[in-house]
Amino acid sequence: MKNKQLFLIPLALIVLLLSSCGDDDCAAPTLSDNIVGEWSVQLGGDVEFKANGELVDLDGSLIEGEINGVPLAQKTYQVMGDTLLSLTASDGGVNALGVDFDVDDNQCNEITLSILGIPLKMTRK
């Protein structure tokens, strides 16, 4: 009987340790590292933040514009600390527009931005 009890204690500890280590235990890296990749935007559309600072936002989910009928198709981003995400759209010349998002939450697979106090969630694809 004692042998069974001695066997069950380590088995219970192993089960407890294995069940406590899951995908939810992710500690998000810095925003500049975490944001690189493809994301679904809460209001619809998908975006990709490339490591070189390029933003692929074909649907205009985060930034879109035109000046004098010329679309601002070249999009870039810059992370400022862990609290600000700055986006720019340009025509490749002098015409450009920018928008800054506050970063409210940086999780492994979800980033919450806000602009004028309105939250916008992005979920990793």
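1. Burial. In this predicted model, 26% of the 125 residues of the protein chain count as buried. The term is applied here to residues under 20% relative accessible area.

2. Secondary structure. The protein chain holds 2 helices and 10 strands. Along the sequence these elements follow the pattern α-α-β-β-β-β-β-β-β-β-β-β, so that the helical part precedes the strands in the numbering from the N terminus.

3. Sheet order. An open sheet is built from 8 strands with antiparallel pairing, in the order β3-β2-β1-β10-β9-β8-β7-β6. Its edges are formed by β3 (55–56) and β6 (74–80), each of which pairs on one side only. In this order β10 stands between β1 and β9, and the next two points take up these two pairings.

4. Pairing of β1 with β10. Strand β1 (residues 37–41) and strand β10 (residues 118–124) run antiparallel to one another and are joined over 3 bridges. W39 faces R124 of β10 as its opposite residue, while V41 stands opposite M122 of β10.

5. Pairing of β9 with β10. These antiparallel strands are linked by 6 bridges. S114 has P119 of β10 opposite to it. The two strands form a hairpin with 2 residues between them. Within the turn, L116 adopts a positive phi of about 55 degrees.

6. Nonpolar surface patch. I115, L116 and I118 make a nonpolar patch of about 340 Å² on the surface. The patch can be placed on the hairpin described above: I115 belongs to strand β9 (residues 110–115), L116 is in the turn, and β10 covers residues 118–124. How far is I115 buried or exposed? Its relative accessible area is 31%, and I115 is therefore classed as partly exposed. Membership of such a patch requires over 30% relative accessible area, a cut-off that I115 meets with its 31%.

7. Negative surface patch. A second surface feature is a patch of negative charge in which D100, D102, D104 and D105 gather. D102 is located in strand β8, which spans residues 96–106. In the sheet order, β8 lies between β9 and β7. D102 counts as partly exposed because its relative accessibility is 40%, a value between the limits of 20% for buried and 50% for exposed residues.

8. Side-chain direction. For reading the strands discussed here, one general point applies. In a regular strand the side chains alternate between the two faces of the sheet.

Definitions and conventions
Residues are numbered from 1 along each chain as its sequence is written. This is a predicted model: local features need pLDDT of at least 70, side-chain atom pairs count only at pLDDT 80 or more; totals for chains, interfaces and linings use all residues. Side-chain values use heavy atoms; hydrogens and water are left out. Patches are made of residues with over 30% relative accessible area and no salt bridge: like charges are joined within 9 Å, nonpolar side chains (Val, Leu, Ile, Met, Phe, Trp, Tyr) within 5 Å. Accessible areas come from the Shrake-Rupley method with a 1.4 Å probe; for residues, only the protein chains shown count as cover. A salt bridge is a side-chain nitrogen of Lys or Arg within 4 Å of a carboxyl oxygen of Asp or Glu. Lys and Arg count as positive and Asp and Glu as negative; His and the chain ends are not counted. The place of a charge is taken as NZ of Lys, CZ of Arg, CG of Asp or CD of Glu. Helices (H or I, at least four residues) and strands (E, at least two) are DSSP runs, numbered from the N terminus. Buried means under 20% relative accessible area, exposed over 50%, partly exposed in between (1.4 Å probe, protein chains only). Two strands pair if DSSP finds at least two bridges between them.
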